[in-house]
Structure formats: C-alpha cells, structure tokens
Amino acid sequence: MRRLLLGLTIFLFWTTLLQAEAWQPFGVRQLGFSFDIPPNFVLTQNSQQGAAFQGPRDAFLVVWGARLGKASFRAEIEHRMVEDEKAGWRLTYRRLAPKWASYSGVKNGEIRYVRAIMVCNQRAALFTMNYRKSEKKPYDPVVVRMVRSLRAEGC
C-alpha cells in the first residue's frame, strides 16, 4: 500500500510539473504586456494587437492590447460591460479597480470571463475567455492562472 501511495504521489507530481511547463508565454512588446497561454490552446489568429486561441472542449481565448486614447481605463471597461450586456451576456461578477478589472457573465450555457489591466502609456491589456458552463470546474484554475500571468512588461 505504501509503494502504491508513493508511486501515485510521484506520478501526480510529474504530471503537475509537466502541465506547468506546457503553458506558453505570449506578449505584445509594443503594447507593453505579456501573458501565459494555457496548455493545449492552439493559435487561430494573430495580429500586432493580440491573438485568438482555440482550447479544449470548445474554449475560446482572445488576448490583446488596446490604446485607450481619450477614454479612461474605467470608461473603457464600463463600455465593454455595456456592450457585452447588449449582446445578451448576463453579468454575474464585476470588479473594477483603478489599474485592473475583471468581470464575467453567462449566456446560452457559456461563461465569459474578461480581465483587463492598465499598462504603460494609456494602454490596457485584456483577455476574454469563453467556455461551456459545464466546464466551469476544470477551467476555474486555468482562469486564475491566466489572471495572475497577465502583466505589464517593457514599460
């Protein structure tokens, strides 16, 4: 029994370690941010402002940088929330601070999670991830890791 537990512990340790290594760094230097892409997410579109990725179980991730122009960070995020609500998303969580924001909503059996941070020179970095509501439990730790990985860089 002891050998079985030791073997299982070693297996779980290596599996976790391999999964941790599978995250891929992504950044848009000219827009001043970096971000980690989860394992098994495949690039579907790329531009100078950001990229889109298709993930397991029909998850969809978009990460990009935005120039705020005359709009404040707060105004930009509030505008995005209004637009999502107009598109049918029922927002269930909202947090808006001076330098970061997060919100999420549900629509037609899907969850949308949005995270934004201020970066240098009146710019923001954002990611949006849509995934099935039935996949909430496995995607919760993925979203938490992505939130922690979105950071200003090169300012």
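**Exercise 1. The three-stranded sheet**

In which sense do β1 and strand β2 pair, and over how many bridges?

*Solution.* A word before we start: the model you are looking at is predicted.

- Step 1. Find strand β2 at residues 33–37 and set it beside β1; the two are antiparallel, with five bridges between them.
- Step 2. Pick one bridge as a check: P25 has D36 in β2 as its partner.
- Step 3. Now widen the view to the open sheet of three strands, whose order is β1-β2-β10, again with antiparallel pairing. Its edge strands are β1 (24–28) and β10 (151–152), each of which pairs on one side only.
- Step 4. Add the helix: α3 lies across β2 and β10, and runs at about 160° to β2.

**Exercise 2. The seven-stranded sheet**

Work out the strand order of the open sheet of seven strands, then name its edge strands.

*Solution.*

- Step 1. Walk across the sheet from one side to the other, and you should read β3-β4-β5-β9-β8-β7-β6, with antiparallel pairing.
- Step 2. Look for strands that pair on one side only: these are the edge strands β3 (42–46) and β6 (90–96).
- Step 3. Follow the twist, which averages 15° from one strand to the next.
- Step 4. Take the β6 end in more detail. A hairpin of three residues leads from β6 to β7, and six bridges join these antiparallel strands. One residue pair to locate here is R95 with its bridge partner S102 in β7.
- Step 5. Move one strand further in: β7 and β8 run antiparallel and are joined by eight bridges. Here K107 stands opposite E110 in β8.

**Exercise 3. Helices on the sheet**

Which strands does helix α2 lie across, and at what angle does the helix run to β6?

*Solution.*

- Step 1. Locate α2 at residues 73–86 and list the strands it lies across: β5 (60–67), β6, β7, β8 and β9 (123–132).
- Step 2. Compare directions with β6, and the angle comes out at about 175°.
- Step 3. Do likewise for α3, which packs on the sheet and touches β5, β8 and β9; its direction makes about 170° with that of β9.
- Step 4. Return to α2 and look at two of its residues, K86 and E83, which are three residues apart, about one turn of the helix. Their side chains form a salt bridge with an N to O distance of 3.6 Å. With a cut-off of 4 Å between a Lys or Arg side-chain nitrogen and a carboxyl oxygen, this pair therefore qualifies. The structure holds 10 salt bridges.

**Exercise 4. The second largest pocket**

Describe the second largest pocket by its volume, its lining and the classes of residue found there.

*Solution.*

- Step 1. Start with the space inside, about 150 Å³.
- Step 2. Collect the lining residues: T92, S104, G105, V106, I111, Y113, Y131, K136, D140 and V143.
- Step 3. Assign them to elements. Those giving two or more residues to the lining are β7 (100–107), β8 (110–119) and α3 (136–149).
- Step 4. Sort the lining by class, and you get five nonpolar, three polar and two charged residues.

Methods: Residues numbered from 1 in each chain as written. Predicted model: local features only at pLDDT ≥ 70, side-chain atom pairs only at ≥ 80, totals over all residues. Heavy atoms only, no water. 1 Å grid on protein atoms, 1.4 Å probe; cavity = no way out; pocket = protein on both sides within 12 Å on 5 of 7 lines; lining within 4 Å. Points joined across faces, edges and corners; volume = space filled by probe spheres on them. Helix = DSSP H or I, 4+ residues; strand = E, 2+ residues; numbered from the N terminus. Nonpolar A, V, L, I, M, F, W, Y, C, P; charged D, E, K, R; others polar. Pairing = 2+ DSSP bridges. Axes fitted to C-alpha atoms, helices over the stretch in contact; angles between N-to-C directions. Contact = heavy atoms within 4.5 Å.
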